[in-house]
Amino acid sequence: MLIIHLPFGSHFTEFHHCKAALHVRVCEPKGDGISSNRHLLDNPVLRARNDIGKAGASCLVRLIHVHDTVWIMAAVGIVGNLLVLFGRYMVGSRSSQAHAEHSLYLRHLAASDLLMGVYLGIIATADIIFRGEYLTHDEEWRMSSICAFSGFLSTLSCQSSTLLLTLVTWDRLVSVTRPLYQRSSSKTRVILRLAVLWGVATAAAVAPLSATEYFGPHFYGSNGVCLSVHIHDPYAMGWEYSAGLFILVNTVSLLFIGISYLRMLQAIRVSRNETRNTLNCREKVVARR
């Protein structure tokens, strides 16, 4: 921890160290881009003010901060995905076997995104509880079991969503590029795929909770929003895990999804041209007759 004593205050490398210098008039930095010494979520998303005339007539647009945005995203994530789960359950109960498999994938994807909505709700609630005096509760919050659970939810949601999107893309790729391929309709095989997928995502999210020497005792508590991504110190304990999980895995998945959709578009274009040529040939034969 680097401390620089100024004439009227102190300067630390991280803002939460200012808790040790509450007696000084000025303590820098005042935040880390997400949290500040007053609020857990303190990054203004939209700030607008429109002053009209000098007579005092003015129109002030309320400030919309990150905590408002997080509440909106949490509500949309929870309500929206619950509606998707309900809708897919109703559709899946009366759909064909092939459509039922795809519907099952989408239901699991909605459940994965629902976890992210719960995570955002926890962070938004913590922001309300600590609003105005976050600095005094910063360490207690970051080292708490609730923060660790929030980090677990965010990692589980991110990785399961990534893997599910990859699985759904693979399913669509096979359907489009190999339409005559006899696919196994066994529900047991589909459930086994999903079980393995959730098992891998859960293992990736649980690993930082092991409190090993590699991860440290509070891996998810490296920042106020309890993410497993090292936002401020890219080479903190366990940085290889974060880089591998959120850069390598996600990049490979993104490339696979992008290349797969390009192949699907190409297959659709070729199929459309072949169909058009077949129709033209038939029209010529009919015209000759």
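Modeller: A residue counts as buried when its relative accessible area is under 20%, and as exposed when that value is over 50%. The structure above is a predicted model. In this model Cys-147 is buried, because its relative accessible area is 0%.

Biologist: Is Cys-158 buried, exposed or partly exposed?

Modeller: Cys-158 has 27% relative accessibility, so this residue is classed as partly exposed. Cys-226, by contrast, is at 0% and is therefore buried.

Biologist: Which cysteines form a disulfide here?

Modeller: The general idea comes before the case. A disulfide is a covalent bond between the sulfur atoms of two cysteines. In this model the count comes to one disulfide. Cys-147 and Cys-226 form it, with their sulfur atoms 2.0 Å apart. Cys-147 belongs to helix H4 (residues 145-177), while Cys-226 sits in the loop between helix H5 (187-206) and helix H6 (239-288), so the bond ties together parts that are 79 residues apart in sequence.

Biologist: Why is the disulfide of Cys-147 and Cys-226 described as left-handed?

Modeller: The torsion about its S-S bond is about -120°, and the disulfide is therefore left-handed.

Biologist: How should one read the sides of a helix, and which residues of H5 are buried?

Modeller: An α-helix has 3.6 residues a turn, so residues three or four places apart point the same way. In H5 the buried residues are Val-190, Leu-194, Leu-197, Trp-198, Ala-201, Ala-204 and Ala-205. They lie on the same side of H5, because they cover an arc of only 120° around the axis. Thr-188, Leu-192 and Val-196 are exposed on the other side of H5.

Biologist: What span should the 20 residues of H5 have?

Modeller: At 1.5 Å a residue they should span 28 Å, and the end C-alpha atoms of H5 are 28 Å apart, which agrees.

Biologist: How many residues does the largest nonpolar core have, and which helix supplies its largest share?

Modeller: That core has 39 residues, and Leu-194 and Ile-123 are among those with the most contacts inside it. Helix H1 (66-92), H2, helix H3 (134-142), H4, H5 and H6 each supply at least two of its residues. H2 provides the largest share of this core, eleven residues.

Biologist: What does Ile-123 contact, beyond its neighbours within four places in sequence?

Modeller: The contacts of Ile-123 include Leu-40, Trp-141 and Cys-226. Cys-226 is also one of the two cysteines in the disulfide.

Biologist: Where is Ser-112 found, and which residues does it touch?

Modeller: Ser-112 is found in helix H2 (residues 97-130). With 0% relative accessibility, Ser-112 is buried. Among the residues that Ser-112 touches, not counting those up to four places away in sequence, are Ser-157, Ser-160, Ser-161 and Trp-198. Trp-198 is one of the buried residues of H5.

Note on methods. Residues numbered from 1 in each chain as written. Predicted model: local features only at pLDDT ≥ 70, side-chain atom pairs only at ≥ 80, totals over all residues. Heavy atoms only, no water. Helix = DSSP H or I, 4+ residues; strand = E, 2+ residues; numbered from the N terminus. Buried < 20%, exposed > 50% of the residue type's maximum accessible area, 1.4 Å probe, protein only. Contact = heavy atoms within 4.5 Å. Disulfide = S-S within 2.5 Å. Expected span 1.5 Å × (residues − 1). Arc of directions from axis to C-beta. Core = buried A, V, L, I, M, F, W, Y, C linked by side-chain atoms within 4.5 Å.
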